[in-house]
Amino acid sequence: MGLVLHPTRDVTEVVGIIERWAKRHHKTLMVREEDQHRVSSCIVPVPESEVASRADALISIGGDGTMLGALRSAVLDPKPVLGVHLGRVGFLVEIEPPELPEALSRLLSKEFTIESHACLACDVCGDDVVAFNDIALVRQPGSGFINVTLAIDGQQYGYYRCDAVVVSTPIGSTAYSYAAGGPLISPAADSVVITPSAPMAGISRSVVLSPDEKIRLELEPESSPVVVEMDGVVFRDPATEGGVDISYRRNAGLVVRFDPLRYQERNQLKMTLLDLPFLPDQLRELLPEELRRTKPELPPPC
């Protein structure tokens, strides 16, 4: 099994749970060489490019960003990815740390279902990248608006003059696109959504496209410098020329699900909470006192 760790959060306790389980079941754990110092010497360090290819499954420890990184790492040879929640909201991850031992045993005995995810395959000025949530062209702060033309299957469609243009998958519709005013798309739907953020002219509403349509976004000469983000990670520094070609790729990622109905209910609640104008501490004050005092605990060492 390959471990994909949140880049900054303390994962010691969760990794310990996995390590004790792996020892009991005689399973090998791997981690990328850059994370070797964050885990015990029992976990095998391997080059980052080999974690996914050598593993039978990946365990993502973090939030949605970590999960997306795990899916991207296995896009050439998709492996089942189990998400363990250490983030804040988390729409992709399903398992909480106390549930890990049972989840790992069910993973071993194949008592789970696979949720298949599509990605956006993108050619960014000659560089090939993939995004499971979204790819965004974002203005450099303080430099004015971006000016981008949209072509679909080679046919000019219109232009954007805005702060950013976000192209998202169905699962990505709950992320940057949603924050920019885009629609929520069912994960069961095959579609691509293009949403402008803070539009000043041109196309001002979201556009929903077929997965078979090819998209090209190209900078106009008068555009301000544009940064390209892939799943929220800056992929390309500010540029003033060039274009991005985007296509939809089905079955590019495999997510482990143990209780799909429970997972969907959790996400519905999370979406409701996102629309509430409260800070997390304020939301906590709305809970009964006995629940406010309750804190989830990790299982004791075996």
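Buried means under 20% relative accessible area, exposed means over 50%, and partly exposed lies in between. I wrote this down before opening the model, which is a predicted one.

**Entry 1: Ala198**

I looked up Ala198 and got 40% relative accessibility, so Ala198 counts as partly exposed. Ala198 sits in the loop that links β12 (192-197) to β13 (201-202). I then read its backbone angle: phi of Ala198 is near 50 degrees, which is positive although the residue is not glycine. Most residues other than glycine have a negative phi.

**Entry 2: the two cysteines I checked**

Is Cys42 buried or exposed? Its relative accessibility is 59%, and the cut-off for exposed is over 50%, so Cys42 is exposed. For Cys125 I found 41%, so this residue counts as partly exposed. Cys125 belongs to the loop between β6 (113-124) and β7 (127-131). Its phi is positive too, near 50 degrees, in a residue other than glycine. I also searched the whole structure for disulfides and found zero.

**Entry 3: the cavity**

How many cavities of 30 Å³ or more does the structure hold? I found one. The largest cavity has a volume of about 90 Å³. Its lining is made of 14 residues, and those closest to the centre are Cys125, Leu219, Val228, Glu241 and Val244. So Cys125 from my previous entry turns up again here, as a lining residue.

I sorted the lining by residue type and got nine nonpolar, two polar and three charged residues. Next I asked which strands supply at least two lining residues each. These are β15 (215-219), β16 (226-230), β17 (233-239) and β18 (243-257). The most comes from β17, which gives three residues.

**Entry 4: helix α1**

I tested the length of helix α1, residues 12-24. The expected span is 1.5 Å times one less than the number of residues. With 13 residues this should come to 18 Å, and the C-alpha atoms at the two ends are 18 Å apart, which agrees.

Which residues of α1 are buried? My list reads Val14, Val15, Gly16, Ile17, Ile18, Trp21 and Ala22. An α-helix has 3.6 residues a turn, so residues three or four places apart point the same way. I then looked for what covers the buried residues of α1, and the cover includes β1 (2-5), β4 (58-62), β5 (80-85) and α4 (100-108). After α1 comes His26, and its phi is positive, near 55 degrees.

**Entry 5: Val148**

Val148 is in strand β9, residues 146-152. Its relative accessible area is 0%, so Val148 is buried. What does Val148 touch, apart from its neighbours within four places in sequence? I noted contacts with Leu137, Gly158, Tyr159, Tyr160, Leu217, Glu218 and Leu219. Leu219 was already in my notes, as one of the residues closest to the centre of the largest cavity. I also took one distance: the C-alpha atoms of Val148 and Gly202 are 9.4 Å apart, with these positions 54 residues apart along the chain counted as separation.

**Entry 6: the whole chain**

I finished with totals. The chain has eight helices and 18 strands. Of its 302 residues, 44% count as buried. I also looked at contacts between residues at least 6 apart in sequence, and 68% of these join residues at least 24 apart.

Methods:
Residues are numbered from 1 along each chain as its sequence is written. This is a predicted model: local features need pLDDT of at least 70, side-chain atom pairs count only at pLDDT 80 or more; totals for chains, interfaces and linings use all residues. Side-chain values use heavy atoms; hydrogens and water are left out. On a 1 Å grid over the protein atoms alone, a cavity is a set of points where a 1.4 Å probe fits but cannot get out, and a pocket is an open set with protein on both sides within 12 Å along at least five of seven lines; lining residues have an atom within 4 Å of a point. Grid points are joined across faces, edges and corners, and a volume is the space filled by probe spheres set on the points. Helices (H or I, at least four residues) and strands (E, at least two) are DSSP runs, numbered from the N terminus. Ala, Val, Leu, Ile, Met, Phe, Trp, Tyr, Cys and Pro count as nonpolar, Asp, Glu, Lys and Arg as charged, and the others, Gly among them, as polar. Buried means under 20% relative accessible area, exposed over 50%, partly exposed in between (1.4 Å probe, protein chains only). Contact means heavy atoms within 4.5 Å. A disulfide is a pair of cysteine sulfur atoms within 2.5 Å.
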